Amino acid sequence: EFPAHWDFKTIGDFASRVRTKNTGGECQDPMTISAIDGLVSQRDYFNKIVASKNTEGYTLLHKNDFAYNKSYSDGYPVGAVRRLKTKDRGIVSPLYICFELDREQIDLQFADYLFDSDWFVQAIYGIAKEGARSHGLLNIGIEEFFSASLPIPPLTEQKKIAEILSGIDNLVRSLTEHNQKLETTKAALSKELISGQSGHRKESLYGQIPEHWNESTLGEVIGMANLQTGPFGSQLHAHEYTTEGIPVIMPQDMKKYGVVTDKIARINPDRAKTLEKHRVSPGDILFSRRGDIGRHAIISTNESGWICGTGCLRARSDDAINPIFLSELLRHRYALEWLNANAVGQTMLNLNTGILADLPVVVPPVDEQEKIANSLSSINEQLRKIANKIWHTQNLKVAVATDLLTGRKRVSI
């Protein structure tokens with residue numbers, strides 16, 4: 001339901017198809033649709049052009065034209081509609097459905113949010129054909145697409161809704177830019193600290209390091225007994241997860257600067273008692289053992305006693321190596337390259353305790369590890385807080401967008 005004074009219009013009521021072809025190959029800037037990054041140049045996105053050499057059959061777009069990519073992806077079940085914002089013109093694959101808006105009926109920025117809403121998803125599902133998925137694309141014809149219906153408020157309300165949502169987007173953008181600057185500062189500091197600053201040097205797999213630092217493997221430093229695989233699916237079944245109880249940390253719960261709990265699974269406390277060897281303690285590092293194998297998170301006091309879940313590996317350093325120092329070492333380009341090169345599996349990379357134990361590491365004296373960890377802890381805390389702000393702001397936007405685009409909450413004009 002939506003407010004009575006809003007109109008229910010088909011896309012064809014407020015948009016017209018763009019049919020202009022790239023005759024003579026006049027435009028040499030093929031674009032692609034990324035659900036996250038928008039309508040972007042293939043040169044920028046792929047670092048090369050993936051379009052065919054003959055692009056005369058491609059559609060020529062001008063600034064503020066829209067294109068619909070029917071290819072679905074995670075979080076975008078019906079594909080994505082994106083507007084050409086950054087360039088005066090570009091060309092896109094003839095597989096895309098391209099259109100321009102009647103700006104007397106619909107605001108461009110409002111349309112950006114409308115095409116990202118649940119209304120659009122439901123509208124496309126409503127007109128998708130039986131057996132709708134073929135080669136990664138929804139089976140939707142051009143006429144069907146333009147027949148999809150969406151609720152449209154008056155233009156003045158559209159502009160106000162867009163103003164509110166773009167304000168939230170600007171805040172996320174500002175926080176992200178601040179985060180990137182801090183990451184750059186931290187990367188330079190981390191490189192300087194891990195390679196050491198003075199005295200006699202020697203070459204290592206991590207670059208030049210002080211001569212008195214040891215070279216070893218993770219297994220030799222912390223001991224094989226301190227490497228533990230999380231419970232397999234046969235040991236902890238999906239039907240045992242609940243909304244209350246002891247949290248079970250999965251790879252999707254591990255972010256760069258800690259564990260997030262918005263979608264975390266839980267199990268009954270009595271069931272957790274049967275998984276004691278999988279309990280986590282402050283300073284443990286959890287790894288994703290499938291897919292994104294470079295992903296890891298340090299366990300804080302907040303997560304003490306939780307369960308290392310399916311899909312994870314736990315490394316417990318005790319006092320052998322500082323976990324913050326180890327975490328920074330694991331972000332080093334060499335460590336990531338080594339893990340990817342030594343993981344097993346062709347369709348999806350997999351880690352196991354044996355591979356993790358063989359990971360080469362460099363080990364300074366404990367007091368130097370502490371100094372490095374202390375130097376990085378404050379900037380890590382800043383990054384963690386910014387990451388949390390970004391996450392909360394993005395969640396706020398989803399909630400506000402839902403309320404505004406359904407008319408559940410009205411804007412003041």
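Here's a quick tour of one pocket and a handful of salt bridges in this structure. Keep in mind that the model is predicted. The pocket in question is the second largest one, with a volume of about 320 Å³. As for charge pairing, the structure holds 20 salt bridges, and three of them get a closer look below, along with one small network.

**The second largest pocket**

- The lining of this pocket is made up of 16 residues. Those that lie nearest the centre are Ala187, Ser190, Arg331, His332 and Arg333.
- Two elements give two or more residues to that lining: helix H6 (155–195) and helix H10 (333–342).
- H6 is the top contributor here, giving five residues to the lining.
- Sorted by class, the lining has eight charged residues, five nonpolar ones and three polar ones.

**Arginine 89 and glutamate 26**

- Side chains of opposite charge can pair when their charged atoms come close.
- Arginine 89 pairs up with glutamate 26 in a salt bridge, and their closest N and O atoms are 2.9 Å apart.
- Arginine 89 sits in strand S8 (residues 89–92), while glutamate 26 sits in the loop between strand S2 (15–17) and strand S3 (31–34), so this pair ties together parts that are 63 residues apart in sequence.
- Arginine 89 is partly exposed, at 33% relative accessible area. Glutamate 26 also counts as partly exposed, at 45%.

**Lysine 85 and aspartate 112**

- Lysine 85 makes a salt bridge with aspartate 112, with 3.5 Å between the closest N and O atoms.
- You'll find lysine 85 in the loop between strand S7 (80–83) and S8, and aspartate 112 in helix H3 (residues 108–114), so the two tie together parts that are 27 residues apart in sequence.
- Lysine 85 has 45% relative accessibility and counts as partly exposed, whereas aspartate 112 counts as buried because its 15% falls under the 20% cut-off.

**Aspartate 292, arginine 295 and a small network**

- Aspartate 292 forms a salt bridge with arginine 295, and here the closest N and O atoms are 3.6 Å apart.
- Aspartate 292 is partly exposed, with a relative accessible area of 44%. Arginine 295 is partly exposed as well, at 27%.
- Elsewhere, Asp29, Arg43 and Lys87 are joined into one network by salt bridges that share partners.

Note on methods: Residues numbered from 1 in each chain as written. Predicted model: local features only at pLDDT ≥ 70, side-chain atom pairs only at ≥ 80, totals over all residues. Heavy atoms only, no water. 1 Å grid on protein atoms, 1.4 Å probe; cavity = no way out; pocket = protein on both sides within 12 Å on 5 of 7 lines; lining within 4 Å. Points joined across faces, edges and corners; volume = space filled by probe spheres on them. Helix = DSSP H or I, 4+ residues; strand = E, 2+ residues; numbered from the N terminus. Nonpolar A, V, L, I, M, F, W, Y, C, P; charged D, E, K, R; others polar. Salt bridge = Lys/Arg side-chain N within 4 Å of Asp/Glu carboxyl O. Buried < 20%, exposed > 50% of the residue type's maximum accessible area, 1.4 Å probe, protein only.
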